[in-house]
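Trainee: I should like to learn how to read the features of a protein model. May we look at one together?
Mentor: Certainly; please have the sequence and the structure before you.

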Amino acid sequence: MQDTIRALRALQELDTDIYRLKAELKRLPEERAKRRKELDQQIARCESQQKHARELRTKVKEIEDQTSKERQRIRKLETEAASSRGDVALLAAFQHEIKTLKRDISGAEEQGLELVGQAELAETDAKNQRAAIDEAEKVFAEFLGNVERETKEAQTKLERLLAERRQRMAKDLAPESLALYERLLAAREGVALALLDGRICQACFMEVPTNLYVRVARAAQLTQCPSCDRILFQDLG
Ligand SMILES: [Zn+2]
């Protein structure tokens with residue numbers, strides 16, 4: 001049984017690397033997607049700010065058009081007032097309307113100035129956001145290159161390890177031992193074996209009963225940890 005344990009330990013060493021590479025190959029695209037999503041959200045925020053700035057500018061334009069019309073109206077009223085000689089009531093009516101229009105214009109201009117200020121702030125903010133995005137896109141492009149390179153490297157290594165694994169599995173191991181090992185490997189995230197140090201399982205850190213300790217020491221059969229199920233072995237140095 002010592003041979004089986006030795007073979008399993010060699011297999012576990014390979015499988016630890018294989019699991020690590022598989023995790024890496026899963027993590028890389030996940031991180032790529034996460035980073036892309038963050039960048040897209042940043043772009044969406046910038047576009048929304050640009051839209052807000054455009055809307056403010058449109059409002060400013062509307063106010064300008066409106067006050068421009070009101071000024072034309074004032075000039076027309078002033079001309080009419082000048083030619084309404086003697087008609088006091090008519091003159092008073094003209095003057096009243098002119099006064100009202102001037103008040104409107106003054107209020108609208110104030111509002112317009114306020115909106116121009118807001119638009120300028122929004123435009124500056126959008127511009128800064130855009131610059132940050134351009135910078136982030138550069139970093140992302142570099143990151144993509146790294147991901148591609150790391151993925152290729154991991155895939156090459158993985159293929160090599162899997163080939164080595166197939167070779168090793170073919171010899172030294174009885175099918176039941178291998179089946180048990182593989183089942184535990186899948187159930188325990190890539191760690192099917194556990195070192196028994198004294199009476200403590202080094203995977204789950206539970207103490208095993210003495211009879212079990214003796215069984216592991218004798219190595220006449222595969223012995224599993226009663227707590228985490230892993231196949232126990234002793235380091236014989
Ligand atoms: Zn255990």
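Mentor: Let us begin with Ala-126, which belongs to helix H2, spanning residues 88–169. Please keep in mind that this is a predicted model.

Trainee: Is Ala-126 buried or exposed?

Mentor: Residues under 20% relative accessible area are called buried. Ala-126 has a relative accessibility of 5%, so it counts as buried.

Trainee: Which residues is Ala-126 in contact with, leaving aside its neighbours within four places in sequence?

Mentor: Contact means that heavy atoms lie within 4.5 Å. With those neighbours left aside, Ala-126 touches Cys-46, Gln-49 and Gln-50. Consider also Lys-51, which is 75 residues from Ala-126 along the chain; the C-alpha atoms of the two are separated by 9.4 Å.

Trainee: How should I describe the way H1 and H2 pass each other?

Mentor: One considers the distance between the axes, the angle and the handedness. The axes of H1 and H2 come within 5 Å and cross at roughly 165°. Angles over 145 degrees count as roughly antiparallel, and H1 is therefore roughly antiparallel to H2. The crossing of H1 with H2 is left-handed.

Trainee: At what angle do the axes of H1 and H3 cross?

Mentor: Helix H1 covers residues 2–82, and its axis crosses that of H3 at roughly 30°, the two coming within 11 Å. Angles under 35 degrees count as roughly parallel, so H1 and H3 are roughly parallel to each other. Their crossing is right-handed.

Trainee: Which residues of H1 and H3 meet?

Mentor: From H1 come Thr-4, Leu-8, Leu-11, Gln-12, Asp-15 and Tyr-19; from H3 come Ser-177, Leu-178, Tyr-181, Leu-185 and Ala-186. Take Ser-177 as an example. This residue sits in helix H3, residues 175–187, and is buried because its relative accessibility is 9%. Apart from neighbours within four places in sequence, Ser-177 is in contact with Thr-4 and Leu-222.

Trainee: Which residues coordinate the zinc ion?

Mentor: To read a metal site, identify the donor atoms and then examine their angles. Here the SG atoms of Cys-201, Cys-204, Cys-225 and Cys-228 coordinate the zinc ion at 2.3 Å.

Trainee: Why is the arrangement of the four donor atoms tetrahedral?

Mentor: Four donors count as tetrahedral if all angles lie between 85 and 135 degrees. The angles around the zinc ion are 104 to 117°, so the arrangement is tetrahedral.

Trainee: How are the donor residues spaced in sequence?

Mentor: Their spacing follows the pattern C-x2-C-x20-C-x2-C. Cys-201 lies in strand E2 (residues 200–201), while Cys-225 lies in the loop between helix H4 (210–218) and strand E3 (231–233); the pair therefore ties together parts that are 24 residues apart in sequence. Cys-201 is buried, with 0% relative accessibility, and Cys-225 is buried as well, at 1%.

Trainee: Which backbone feature should I note at Phe-205?

Mentor: The sign of phi deserves attention, together with the residue type. Phe-205 is not a glycine, yet its phi is positive, at about 60°. Phe-205 lies in the loop between E2 and H4 and counts as exposed, at 53% relative accessibility.

Trainee: What is the phi of Asp-229, and where is this residue found?

Mentor: Asp-229, likewise not a glycine, has a positive phi of about 75°. This residue is in the loop between H4 and E3, and its relative accessibility of 32% makes it partly exposed.

Conventions
Residues numbered from 1 in each chain as written. Predicted model: local features only at pLDDT ≥ 70, side-chain atom pairs only at ≥ 80, totals over all residues. Heavy atoms only, no water. Helix = DSSP H or I, 4+ residues; strand = E, 2+ residues; numbered from the N terminus. Buried < 20%, exposed > 50% of the residue type's maximum accessible area, 1.4 Å probe, protein only. Donors = N, O, S within 2.8 Å, 3.2 Å for Na, K, Ca; no water. Tetrahedral: all angles 85-135°; square planar, octahedral: opposite > 155°, others 65-115°. Axes fitted to C-alpha atoms, helices over the stretch in contact; angles between N-to-C directions. Parallel < 35°, antiparallel > 145°, perpendicular 65-115°, else oblique. Left-handed = near helix turned anticlockwise from the far one by under 90°.
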